[in-house]
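Welcome! Take a moment to turn the model around on your screen before reading on. The report below walks through it piece by piece.

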Amino acid sequence: MNPPAPAALDRGALPWLFATALATTLPHAEHQPVWLSAATAGALVLAATLWWRGRRLPRGWFLALAVVAGCAGIVVEFRTLFGRDAGVAMLVLFMALKLLELRSLRDAHVTVMLGYFLLLTHYFYSQSIPTGLWLLVSLLIATATLIRLHGGPASPALPTLRYAGLLLLQAAPFMLVLYLLFPRIAGPLWGLPQDAHSARSGLSEQIAPGSIANLVQSADIAFRVRFEGVPPGRDKLYWRGPVLENFDGATWRRRPAPGPEPAIDRQGPTYRYETTLEPHQQAWLLALDAPTTLPANAYLTPTLTAVSREPVRQRQRYAFASAVEHRFNLDEGRETLRRNRLLPGERNPRARWLAAQWLAQDADPERLVGRALALFSGSEFAYTLQPPLLGENPVDDFLFTARRGFCEHYASAFAVLMRAAGVPARVVGGYQGGEPNPVDGYWVIRQSDAHAWAEVWLEKRGWVRVDPTAEVAPARLESGIAAAIPAGEPLPALVQFDADWLKGLRYRWEAANNAWNQYVLGYNPERQREFLSRLGLPDADWRSLVGLLAGACGGVLLAVVAATLYRRPRADPALRLWRRALVRLKRRQVQPAPGETPLALARRLAGQRPDLAPAVAAVAAAYCRARYGPDGDLETLRTAVAELP
Amino acid sequence: MTVLPAAFKDWLFRWQKSDGSGPVVLTQRRIFILPSRAGLLFATALAVMLLGAINYTLALGHALVFLLAGLGMAGMVHTFRNLAGLCIAPGRPEAVFAGETAHFPLHLVNDRPTPRLGLEFQAGDGALVACDVAADGRREIALPVPAARRGWLELPRVRLSTRYPLGLFVAWSYPRPALRCLVYPRPGEFPLPPALPAAASGERQGDAGQEDFAGFRPHQPADSPRHVAWKAVARDPAGGPLLVKQFAGGAASELWLDRDLLPAGIDPESGLSILTGWVLAAEAAGLAYGLRLAGSELAPASGEGHRRRCLEALALAAAP
């Protein structure tokens with residue numbers, strides 16, 4: 001015996017499935033290979049065309065061939081069938097090909113489930129507010145598709161969408177309860193595939209001429225900071241990233257070396273603040289110089305950089321305290337000082353010659369620093385995002401020929417001059433400044449605030465920050481990059497624009513994003529513990545949590561049941577129409593006697609009010625037919641009532 | 001101890017005690033609900049998605065999974081609502097012949113301001129009947145049940161189920177409308193017995209009522225071969241339906257259909273079949289006919305009412 005034939009799909013349901021497939025796969029076009037998007041679009045168009053013309057779906061061998069070809073393409077593209085990106089690509093491929101196989105209700109079901117699954121995969125790439133909204137719309141379409149599948153052709157488009165909206169609205173309280181109370185587990189549960197975290201822009205472990213200038217073109221937010229109390233002045237906001245001690249003549253690199261913890265000598269107040277770091281796939285945490293209190297799971301390198309034990313792969317909050325006025329490492333190790341005087345032997349000869357001249361005139365390190373800074377403050381140096389290309393000896397070219405550069409050129413040239421003069425010096429990468437958002441009080445530090453500066457070690461003062469950029473472009477420190485860069489250079493519009501209304505709008509949008517990040521996306525196991533302790537369950541174990549969860553879900557379910565099943569008592573529709581007729585008759589001074597039936601009223605009026613009698617008789621007859629007749633014909637009654645004088 | 005389960009059973013199934021002859025309103029006690037196969041698939045998908053969301057620490061992934069779980073719950077309530085409060089009133093089934101399909105009519109009344117879509121009725125092992133009832137609407141449906149044997153055919157257990165709106169749950173109920181349909185015996189083919197002269201007009205014998213040709217009508221299984229218009233058949237090269245000559249003036253003679261006229265040795269049920277065929281043929285030929293069965297007798301007459309009475313008598317005749 002054959003199994004019973006699966007329920008066939010009615011023709012009108014297919015456009016819904018096409019819409020579901022389109023809505024759930026479209027956002028992936030942004031990051032997936034072009035050929036896959038093209039194949040998906042092709043399958044969708046083919047399926048829609050076959051549907052439009054009423055043609056048969058392709059045969060099984062065609063689909064099998066398409067699956068094999070698609071998988072082969074994915075293997076070639078991603079070198080694997082597994083992993084995050086390849087897995088998502090497979091799902092998209094299956095969704096596209098399933099459209100060519102929509103025969104039964106079960107196929108349609110699989111398509112919608114695949115759609116729900118695809119919705120989840122979008123969050124690998126973005127969890128922003130727009131993504132959330134788009135996915136809500138997709139969810140509405142997919143749910144309406146399910147309703148349409150089971151309602152059949154008697155389910156027209158608009159009421160179906162409205163019904164889906166109602167269901168989602170009723171699902172929202174469940175989501176809220178589960179979101180807050182479902183026991184949160186800190187992931188990952190198992191090893192993440194290699195491509196789990198896509199590369200994002202940010203500081204790297206090396207700085208070459210042009211690398212910061214490139215980064216500055218991005219208005220992406222690097223991190224946000226909330227200060228407890230008054231923040232330090234803007235020109236004191238140096239957020240320290242990697243410290244680069246190894247120089248090959250053109251590029252500065254980080255070369256971690258073992259050493260003792262840095263010794264910090266506070267000279268002023270400490271500032272407490274919390275940073276919310278966007279994932280940058282590096283370990284450094286970008287604390288304000290010099291961090292005195294670190295979050296758990298972080299430590300200070302010998303070069304004063306706060307780093308976490310794991311690369312930052314999620315948006316994370318870190319609480320710090322920093323002493324902005326400080327000295328550190330007055331007793332620096334010999335080996336470190338030696339390392340920070342090294343220069344590659346044969347490159348940048350003119351710079352080294354200049355430094356040797358200075359050294360011959362005055363060997364005092366502090367005055368050497370002053371001389372170098374005085375060189376930059378001269379009128380021939382310019383601060384620009386578009387420096388000319390530099391050759392084999394970039395520092396020489398910059399100092400003596402081009403004289404135009406960005407912060408990394410100045411920091412690098414300064415450090416080279418110092419090393420050539422025998423003063424230990426190094427380059428520090430990080431961010432400088434930031435912008436407070438008046439809407440929520442958070443400071444926003446963007447990639448465009450990326451900066452590089454230098455550090456020299458001086459007897460009795462330890463490592464001293466020297467920022468040669470301040471000499472060339474003092475505005476950089478006081479008001480930020482937009483003020484320091486000449487007009488017309490390629491800065492992101494977001495950073496450049498100064499129109500007040502636009503700025504206000506941007507502040508609002510970023511504050512909304514920040515709230516979203518802090519309260520929605522940032523709801524992690526710690527936040528859940530905080531929330532539960534505020535509920536009066538400070539040490540909730542999973543059992544009490546499950547009990548609470550079950551109780552809350554039960555309450556929501558009861559509310560939904562009540563809202564769904566409760567019906568306001570309603571009169572019979574025929575009776576309501578009859579009452580409407582009586583209201584009209586009352587205006588004509590006609591009222592039924594107590595206990596008078598419609599037909600009796602009509603008979604009485606036939607004698608008393610010949611003007612009204614025929615219309616009333618028609619209404620009475622239609623009412624009796626609607627109320628007591630076999631077919632319940634309301635339409636006749638409705639017209640009869642409407643025709644009452 | 002044995003009393004308690006019985007009492008519990010009584011309580012559980014107390015609604016079944018209604019006799020079903022009047023309208024039945026589906027209440028929560030009459031409705032059962034369980035996840036469908038699609039619902040199980042959905043739950044599995046949600047579990048996998050939750051694992052993914054935890055593993056990749058996707059806050060919105062958590063939110064999506066929880067929203068979908070809520071959607072499932074809301075869908076359950078709405079699937080239940082699709083049946084709850086539906087009023088089912090039994091109709092009046094038309095009698096059929098054995099071998100045909102009986103249709104049991106049911107009136108569905110929806111007094112809710114939302115439509116009830118995707119309802120599926122099934123009587124016994126019969127075919128599924130899908131239907132919708134509009135908002136504040138009424139609807140009549142007919143449940144087909146094959147009628148195998150003559151006599152009363154009780155409406156088998158009716159299963160009303162729905163998966164609307166999301167298909168993740170299936171809600172069902174067993175409304176018990178008290179409906180039965182009379183099944184006449186299957187008409188058998190056998191030549192009509194000769195008619196006897198009516199008591200009042202004893203002049204003509206034999207083929208009274210077969211003299212004045214009145215026209216043709218399509219052949220029925222019970223028609224006598226003598227009446228088939230063989231010439232007309234021969235003239236029709238396309239092989240159309242057999243035509244039977246009809247004659248006027250037959251009312252003058254009367255015909256007794258008696259099981260004694262049946263050939264000897266025929267089994268009783270086949271005999272009732274043949275008698276049924278005779279009733280149909282005699283009525284079609286416009287003859288006055290009477291029916292004699294064991295213990296009952298219907299005087300010769302003709303017309304729709306008489307035909308019905310004869311068929312009812314045959315349907316309900318005690319097994320000889």
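In this predicted model, helix 21 (573–587) and helix 23 (613–628) of chain A are among the elements that cover the buried residues of helix 24 of chain A. Helix 24 itself spans residues 634–642, and its buried residues are Leu634(A), Leu637(A), Ala640(A) and Val641(A). Looking down the axis of helix 24 of chain A, you will find these buried residues within an arc of 125 degrees, so they line one face of the helix. Turn to the other side of helix 24 and you meet Glu635(A), Thr639(A) and Ala642(A), which are exposed.

Now step back to the whole of chain A. Its division gives domain 1 (11–155), domain 2 (206–253 + 261–496), domain 3 (525–565) and domain 4 (573–642). Between the C-alpha centres of domain 3 and domain 4 of chain A there is a distance of 56 Å.

**Where the two chains touch**

How many residues does each chain bring to the contact? Chain A gives 48 residues and chain B gives 44 residues. On the side of chain A that touches chain B, the elements giving two or more residues are helix 5 (105–121), helix 6 (129–151), helix 7 (157–181), helix 18 (500–521) and helix 20 (542–565) of chain A. Helix 7 of chain A supplies the largest share of that side, with 10 residues. By kind, the residues on this side of chain A are 34 nonpolar, 13 polar and 1 charged.

**Nonpolar cores**

In soluble globular proteins, nonpolar side chains tend to be buried together. Here the largest nonpolar core has 121 residues, and the members touching the most others are Phe174(A), Val65(B), Val279(B) and Ala282(B). Helix 3 of chain B, residues 59–83, gives the most to this core, namely 15 residues. Apart from its neighbours within four places in sequence, Val279(B) is in contact with Leu257(B), Tyr289(B), Leu291(B), Arg307(B), Cys310(B) and Leu311(B). There is also a second, separate core of 79 residues, and among its members are Val243(A), Val369(A), Ala415(A) and Trp453(A).

**A look at chain B**

Chain B has 6 helices and 17 strands. Of its 320 residues, 39% are buried. If you take the contacts in chain B between residues at least 6 apart in sequence, 69% of them join residues at least 24 apart.

**Strands in chain A**

Strands of a sheet pair through backbone hydrogen bonds, either parallel or antiparallel. Three pairings in chain A can be set side by side, each with one facing pair of residues.

| Strands of chain A | Sense | Bridges | A facing pair |
|---|---|---|---|
| Strand 7 (270–277) and strand 12 (316–323) | antiparallel | 8 bridges | Glu274(A) and Ala319(A) |
| Strand 9 (291–293) and strand 12 | antiparallel | 2 bridges | Thr293(A) and Ala321(A) |
| Strand 1 and strand 5 (252–253) | antiparallel | 2 bridges | Gln206(A) and Arg253(A) |

Strand 12 of chain A thus appears with strand 7 and again with strand 9. The pairing of strand 1 with strand 5 belongs to an open sheet of 3 strands in chain A, with the order 1-5-4 and antiparallel pairing. At the edges of this sheet are strand 1 (206–207) and strand 4 (246–247) of chain A, each of which pairs on one side only.

**Unusual backbone spots**

A few places along the backbone deserve a visit. Which residues are joined by a cis peptide bond in chain B? They are Tyr164(B) and Pro165(B), with omega about 5 degrees. Pro165(B) sits in the loop between strand 10 (158–162) and strand 11 (169–173) of chain B. In chain A, the peptide bond from Asp289(A) to Ala290(A) is cis too, with omega near -15 degrees. You can find Ala290(A) in the loop between strand 8 (287–288) and strand 9 of chain A.

Positive phi values turn up as well. Leu304(A) is not a glycine, yet its phi is positive, at about 75 degrees. Leu304(A) lies in the loop between strand 10 (298–300) and strand 11 (306–308) of chain A. Is Leu304(A) buried or exposed? Leu304(A) counts as buried because 21 other C-beta atoms lie within 10 Å, where the cut-off for buried is 20 or more.

Arg403(A), also not a glycine, has a positive phi of about 60 degrees. Its place is the loop between helix 12 (394–402) and strand 15 (404–405) of chain A. Arg403(A) has 18 C-beta neighbours inside 10 Å, so it counts as partly exposed.

Key
Residues are numbered from 1 along each chain as its sequence is written. Chains are lettered from A and ligands numbered from 1 in the order in which they are written. This is a predicted model: local features need pLDDT of at least 70, side-chain atom pairs count only at pLDDT 80 or more; totals for chains, interfaces and linings use all residues. Two strands pair if DSSP finds at least two bridges between them. Helices (H or I, at least four residues) and strands (E, at least two) are DSSP runs, numbered from the N terminus. Two residues are in contact if their C-beta atoms, placed from the backbone, lie within 7 Å. Ala, Val, Leu, Ile, Met, Phe, Trp, Tyr, Cys and Pro count as nonpolar, Asp, Glu, Lys and Arg as charged, and the others, Gly among them, as polar. A residue is buried if 20 or more other C-beta atoms lie within 10 Å of its own, exposed if 12 or fewer, and partly exposed in between; C-beta atoms are placed from the backbone. The arc is that of the directions from the helix axis to the C-beta atoms. Domain bounds come from an automatic or database domain assignment. A nonpolar core is a set of buried Ala, Val, Leu, Ile, Met, Phe, Trp, Tyr and Cys residues joined through C-beta atoms within 7 Å.
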